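Thanks for coming, everyone. Let me put the structure up, and then we will go through it piece by piece.

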Amino acid sequence: MEDIPTVGLGTWKAAPGKVTEAVKVTIDAGYRHFDCAYFYHNEHEVGAGIRHKIREGVVRREDLFIASKLWCTWYTKPLVRIACCRSLKALKLKYLDLYLMHWPMGFKSPHTAWIMIPSKLLSFCFSHPRAYDLPLDCTNMVIPSDTDFLDTWEILIRFQIQRNVIVIPKSITPSRIKENIQVFDFELTQHNMDSILSLDRNLRLATFPITKNHKDYPFHIEY
Ligand SMILES: NC(=O)c1ccc[n+]([C@@H]2O[C@H](COP(=O)([O-])OP(=O)(O)OC[C@H]3O[C@@H](n4cnc5c(N)ncnc54)[C@H](OP(=O)(O)O)[C@@H]3O)[C@@H](O)[C@H]2O)c1
C-alpha cells in the first residue's frame, strides 16, 4: 500500500497468546496499518492474525500497510537483510511496506548484546515503572482534571490526526480497538486543539535512558 493509513495498531507489549485475536478484531474494525517490530517478540502472532483475515478474504495483502523495525544490534550492512528476512519469516509475509531503524543508535554485535540488552532493559523497566517525570496535577493525574473534553481516547487520537500525525494506539482489548478508530466522524475545534496544545510540557516520554551514555544518543539536544 502506498499511502500510510492514519490510524494503525501498535503491537509493542501485545501479549503472545492474545495478539492474534486482537489483530483479527482490528482488521474487522477497519484498521489497515500495523506497527510491528522484531523486538516486540510477537511478530509470529501478529502475522497469524493478518494471514487469517487474508485467507478469509476480508483483506488482501496489498490493502495493508505493515511496518517492522530493525533492532539496534543489526545496524551493520550485511545484517540488515538477515534481520529483515527474520521479521518476514516470523510474520510469514513476502514484503513489508516500511522497515524502520528501531532507534537511532546501534548496539554491538555479535548477538550476545541482543540477549543482554533486552534483559537489562526489562529489569530496568520493571524496577522503574515510571522512568520519566511527568507533570502531575493535584490529584496525581498527568492530564489536568479540569480539562473536561479530554475524557476519551478518541479525542487524543483525533488531536494527533488533526495535526497530521499518524497514530498507532496499542490495544488487545476488542472494545478499545474498535473505540480507537471511531475518530473520523467528528472534529475538534481550534479551541479544543489549542487547549490540548497548552498542556505541552516540552518533554519526551520514551527516552530509552539505559542508553543515555551512547555516543549517538539523540535526546541530549534540545527538542
Ligand atoms: N519505535 C519505538 O521505539 C516505539 C516506542 C513506543 C511505541 N511504539 C509503537 O507505538 C505503539 C503505541 O505505544 P504506546 O506506548 O502509546 O502504547 P502503550 O502505552 O504501550 O499501550 C497502550 C495502553 O493503553 C491501553 N489502551 C488502548 N486503548 C485504550 C482505550 N481506548 N481506553 C483505555 N485504555 C486503552 C492498552 O490496554 P490494552 O492493550 O490492555 O487494551 C495499553 O495498556 C506501540 O505498541 C508500538 O507499536 C514504538
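Let me start with one side chain: at its relative accessibility, does Glu 56 count as buried, partly exposed or exposed? It counts as partly exposed, at 47% relative accessibility. Keep in mind throughout that this is a predicted model.

Now, who does Glu 56 pair with? Its salt-bridge partner is Lys 53, with 2.8 Å between the closest N and O atoms. Both sit in helix 2, 3 residues apart, so about one helical turn separates them.

Lys 53 has another partner. It also meets Asp 28 in a salt bridge, 3.0 Å from N to O. This pair links distant parts of the chain. Lys 53 is in helix 2, residues 43-56, while Asp 28 is in helix 1, residues 19-29. The two residues are 25 apart in the chain.

Look at the exposure here. Lys 53 is buried, with a relative accessible area of 6%. Asp 28 is exposed, at 52%. The cut-offs matter for that call: buried means under 20%, and exposed means over 50%. So Asp 28, at 52%, falls on the exposed side of the cut-off.

One more pair. Arg 60 forms a salt bridge with Glu 62, and their closest N and O atoms are 3.6 Å apart. Arg 60 is partly exposed, at 48% relative accessibility. Glu 62 is partly exposed too, with a relative accessible area of 43%. Back to the earlier trio: Asp 28, Lys 53 and Glu 56 are joined into one network by salt bridges that share partners. In total, the structure holds 8 salt bridges.

Let me step back to the fold. The protein chain has 7 helices and 4 strands. Reading from the N terminus, the order is β-α-β-α-β-α-β-α-α-α-α. The chain has 223 residues, and 40% of them count as buried.

On to the ligand. How many residues surround it? There are 18, and the closest are Asp 35, Lys 170, Ser 171, Thr 173 and Asn 180. What is the make-up of that shell by class? It has 6 nonpolar, 6 polar and 6 charged residues.

Three contacts to oxygen atoms of the ligand are worth pointing at. For Arg 176, a polar side-chain atom lies 2.9 Å from a ligand oxygen. For Thr 11, it is a backbone N or O atom, at 3.1 Å from a ligand oxygen. For His 102, a polar side-chain atom is 3.5 Å from a ligand oxygen. As for cover, the ligand on its own has 930 Å² of accessible area, and the protein covers 70% of that.

Last stop, the surface. Which residues form a nonpolar patch there? Ile 4, Ile 166 and Ile 168 do, with about 220 Å² of accessible area together. Take Ile 168. You will find it in the loop between helix 5, residues 153-162, and helix 6, residues 174-179. Why can Ile 168 be part of a patch? Patch residues need over 30% relative accessible area, and Ile 168 has 36%, so it clears that cut-off. By the same value, Ile 168 counts as partly exposed.

To recap: a salt-bridge network joins Asp 28, Lys 53 and Glu 56, 18 residues surround the ligand, and three isoleucines, Ile 4, Ile 166 and Ile 168, form a nonpolar surface patch. Over to you for discussion.

Conventions. Residues are numbered from 1 along each chain as its sequence is written. This is a predicted model: local features need pLDDT of at least 70, side-chain atom pairs count only at pLDDT 80 or more; totals for chains, interfaces and linings use all residues. Side-chain values use heavy atoms; hydrogens and water are left out. A residue is near a molecule or strand if one of its heavy atoms lies within 4 Å of it. A polar contact is a pair of N or O atoms within 3.5 Å; within protein, one must be able to donate a hydrogen and the other to accept it, and residues adjacent in sequence count only if both atoms are side-chain atoms. Accessible areas come from the Shrake-Rupley method with a 1.4 Å probe; for residues, only the protein chains shown count as cover. Ala, Val, Leu, Ile, Met, Phe, Trp, Tyr, Cys and Pro count as nonpolar, Asp, Glu, Lys and Arg as charged, and the others, Gly among them, as polar. Patches are made of residues with over 30% relative accessible area and no salt bridge: like charges are joined within 9 Å, nonpolar side chains (Val, Leu, Ile, Met, Phe, Trp, Tyr) within 5 Å. A salt bridge is a side-chain nitrogen of Lys or Arg within 4 Å of a carboxyl oxygen of Asp or Glu. Buried means under 20% relative accessible area, exposed over 50%, partly exposed in between (1.4 Å probe, protein chains only).
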